[in-house]
Amino acid sequence: MDRNQAIGFGLIAVLLLAYSFFFAGTNEEANTPAFDQTAKVEQVQVGPAVVEDDSLAQVRRAAALGTFSAAGTGEASTTTLENQNITVSFNSKGGQVEEVVLKNYKDYRGNTLVLFDKESSKTDVQFTTNDGKNIRLSDLFFSPSEVQTVNVGDVPAKTITYRADLGNGQTIDQIYTLLDNSFEVGYKLDFKGLNNQISGENVTLTWNDQLKQLEKDMPQNRAKSTINYYTADESFDHLSISEGTETETISEPMKWVANKQNFFTAGIIATNTFAGAKLESVTDPADSLVVKALNSQILIPTADLLSGKGEFTFYFGPNDYKILKHMGNEFNRNLDLGWGIFSYVNKWIIIPAFDFLENYIGNYGIIIILLVLYIKLILLPLTYKSHMSMAKMKVLKPEIDAIKERNDGDMQKTQMETMKLYGEMGVNPLSGCIPMVLQIPILFAMFNFFPNSIELRQEAFLWADDLSTYDVFVNLPFTIPFYGDHVSMFTLLMTASTILYTWSNNQMNVSMQGPMKYYMYMMPIIFMFVLNSFPAGLSFYYFVSNMVTFGQMALMRKFVDEDKIRAKLEENRDKRKDKKKTGGPSFTERMQEAMRAASEKEQERRNNPKLKK
């Protein structure tokens with residue numbers, strides 16, 4: 001570095017030091033008010049902007065609501081009505097039901113059962129004004145009255161009124177009444193002084209319900225959940241329970257619409273009628289939280305609301321036949337008891353007996369055992385008749401074996417001669433089947449009773465912690481197709497007992513020959529796969545039923561004297577011979593002769609190729 005460069009760098013250093021000494025404080029003081037000023041400007045700008053937004057929102061709200069803008073502002077609050085069974089919460093913004101809690105039930109996790117809340121379910125009412133505006137009650141604020149205690153007939157009740165005051169004597173009232181010790185909530189929607197404001201023949205009640213999972217078995221929960229409805233012409237129907245999206249439009253008057261789950265229902269019933277509805281059910285198998293999304297758009301006649309006749313009843317409660325049967329309008333159809341004769345068997349035979357036993361016994365496993373004994377007692381005459389028919393055929397087994405040996409594999413000829421033998425001895429081979437057929441309605445009625453019986457819900461017995469769903473004796477580390485990822489011990493016991501009963505039955509039923517005799521053993525195996533995920537109560541019932549039947553058969557076999565049966569059959573043959581001499585062939589003999597003629601003709605056709613053409 002030369003002298004000139006050193007002088008230059010020295011001058012620069014002096015200048016920098018001088019600048020720092022004289023100007024640093026001035027710049028700091030100048031920067032501070034500048035920051036403050038900027039902050040003040042920002043505050044001034046933000047303040048008026050918020051006020052302007054609120055004003056714009058109010059203007060827009062007033063423009064959207066028109067005449068109803070007087071109820072467009074307010075504060076939301078929650079009020080509840082409560083009785084021994086349920087707690088119903090209402091929100092003043094919209095004046096609609098916000099939450100329903102069933103106090104005496106638990107979900108599968110053990111928590112108090114919330115049928116729906118503001119996150120899972122929402123109801124609203126929408127209508128159109130004469131100036132073309134679409135108004136929703138959820139856009140309006142309602143003022144709640146004090147909760148009052150009243151009497152509805154002789155029943156104590158609590159009531160609350162939500163009112164939207166629109167001015168000039170125009171109001172919208174929503175009146176809710178909760179009866180004592182009930183699951184019903186009365187609902188009245190009253191449009192006062194709005195005759196010149198509402199256009200259209202109908203007002204739309206929307207109900208969007210994301211069904212919460214209340215039971216352990218999600219597939220069963222989904223399979224039992226749908227929208228049920230009942231029309232004014234007394235026609236019941238429901239949406240399909242298949243996966244995906246199902247929609248249906250009803251254009252005729254309706255009495256009620258219900259979001260039905262496995263054991264609980266939330267529905268609305270019209271005192272008069274609804275004008276129609278559009279219903280939708282959406283199932284997403286990938287969603288592990290929502291059972292189904294049920295969406296309804298229900299049409300309420302506008303004239304009913306303007307004339308003070310807009311009266312309805314909400315039902316939030318269990319699918320309990322003792323409760324639903326008093327609701328009227330076949331609202332008890334929300335409890336699936338089967339169709340046709342199976343439904344009547346459940347209503348007239350199974351449920352009365354179950355309710356009677358329930359009054360005296362608290363253990364539902366014992367109740368099921370006693371129910372089996374009750375059913376077996378009813379069916380005892382048919383069981384005895386069936387056993388006696390098989391005993392007669394067993395007595396004739398030597399003759400039947402001789403016929404088979406004589407015909408050497410000719411099944412058609414063997415069958416004809418066997419039928420002839422039965423006719424001579426006075427044995428009707430169908431008499432053993434007919435009693436079994438008559439038992440089928442009771443057997444199949446159980447397939448509807450146990451999966452839908454809320455009495456069994458969360459009731460434990462032995463290793464099963466809930467008789468209304470499958471019992472898990474062993475959890476498998478893998479899934480077997482058509483079987484599942486668990487082992488139900490009650491299903492295994494039912495399968496083993498059915499195989500034992502089939503074997504015992506085959507020892508008596510000599511008419512069951514060939515492959516059919518072995519096919520009978522396939523049915524229990526098939527049912528083992530089918531029923532592995534069915535309610536434990538159902539499998540336990542069939543297990544006990546099989547064991548009782550097996551015991552009945554053993555007792556009957558012990559006390560039935562086959563020698564007396566043989567003597568009776570010989571007596572029948574002698575009587576028939578005498579009758580044939582005097583009165584000609586019987587109807588059975590004529591049928592046998594017709595079968596013989598048909599068989600001979602068929603044999604001739606087989607032996608003569610020309611006849612085949």
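Analyst: A helix crossing is right-handed if the near helix is turned clockwise from the far one by less than a right angle. With that in hand, welcome to this structure, which is a predicted model. Helix H6 passes helix H13 in just such a right-handed crossing.

User: Are H6 and H13 parallel, antiparallel, perpendicular or oblique to each other?
Analyst: Helix H6 (residues 364–395) packs with helix H13 (residues 536–559) at an angle of about 40°, and their axes are 9 Å apart. Roughly parallel would need an angle under 35 degrees, and roughly perpendicular one of 65 to 115. The angle fits neither range, so the relation of H6 to H13 is oblique.

User: How many charged residues has the contact of H6 with H13, by class?
Analyst: H6 brings residues including Ile368, Leu380 and His387 to this contact, while H13 brings Phe540, Val548 and Met556, among others. Sorted by class, the contact has 14 nonpolar and seven polar residues, and the number of charged ones is two.

User: At roughly what angle do the axes of H5 and H6 cross?
Analyst: H6 also meets helix H5, which spans residues 341–358, and their axes come within 10 Å. The two helices are classed as oblique, so the angle is neither roughly parallel nor roughly antiparallel. The value is roughly 135°.

User: Is the crossing of H5 and H6 left-handed or right-handed, and how many charged residues has their contact?
Analyst: The crossing of H5 and H6 is right-handed. H5 contributes Ile349, Ile350, Ala353, Phe354, Leu357 and Glu358, while residues of H6 in the contact include Tyr364, Leu370 and Ile378. By class, the contact has 12 nonpolar residues and no polar ones, and the count of charged residues is one.

User: Which are the edge strands of the open sheet of four strands?
Analyst: This sheet has the order E1-E2-E3-E4, with antiparallel pairing. An edge strand here pairs on one side only, and that picks out strand E1 (78–82) and strand E4 (112–116).

User: Which residue in E2 does Thr80 stand opposite?
Analyst: Strand E2 covers residues 86–91, runs antiparallel to E1 and is joined to E1 by five bridges. Within E2, the residue opposite Thr80 is Ser89.

User: Why does strand E19 count as largely enclosed by the rest of the structure?
Analyst: Strand E19 runs over residues 290–301, which makes 12 residues in total. A residue counts as buried under 20% relative accessible area. E19 is largely enclosed because the number of its residues that are buried is 10 of the 12.

User: Which strand forms a hairpin with E19?
Analyst: E19 pairs in the antiparallel sense with strand E12 (residues 198–212) over 10 bridges, and here Lys212 stands opposite Val290. E19 also pairs in the antiparallel sense, over seven bridges, with the strand of residues 276–283, where Ala277 is opposite Ile298. The hairpin has six residues between its strands, and the partner of E19 in it is E18.

User: Does Phe141 count as buried or exposed?
Analyst: Phe141 is placed in the loop between strand E6 (134–136) and strand E7 (143–144). Leaving out residues up to four places away in sequence, Phe141 touches Ala71, Ser92 and Arg163, among others. Its relative accessibility is 16%, and because the cut-off is under 20%, Phe141 counts as buried.

User: How far apart in space are Phe141 and Ala164, C-alpha to C-alpha?
Analyst: Ala164 is one of the residues that Phe141 touches. The two are 23 residues apart in sequence, and their C-alpha distance is 6.4 Å.

User: Which residues does Val474 touch, not counting residues up to four places away in sequence?
Analyst: Val474 is found in strand E21 (residues 474–480) and counts as partly exposed, at 36% relative accessibility. Its C-alpha atom is separated by 7.4 Å from that of Ser488, 14 residues apart along the chain. The residues Val474 touches are His486 and Val487.

User: What is the relative accessible area of Thr231?
Analyst: Thr231 has its place in strand E13 (residues 226–231). Not counting residues up to four places away in sequence, Thr231 touches Ile250, Glu252, Pro253, Met254 and Lys255. Thr231 is buried, and the value is 2%.

Conventions. Residues are numbered from 1 along each chain as its sequence is written. This is a predicted model: local features need pLDDT of at least 70, side-chain atom pairs count only at pLDDT 80 or more; totals for chains, interfaces and linings use all residues. Side-chain values use heavy atoms; hydrogens and water are left out. Two strands pair if DSSP finds at least two bridges between them. Buried means under 20% relative accessible area, exposed over 50%, partly exposed in between (1.4 Å probe, protein chains only). Contact means heavy atoms within 4.5 Å. Axes are lines fitted to C-alpha atoms, for helices over the stretch in contact, and angles run from 0 to 180 degrees between N-to-C directions. Angles under 35 degrees count as roughly parallel, over 145 as roughly antiparallel, 65 to 115 as roughly perpendicular and the rest as oblique. Ala, Val, Leu, Ile, Met, Phe, Trp, Tyr, Cys and Pro count as nonpolar, Asp, Glu, Lys and Arg as charged, and the others, Gly among them, as polar.
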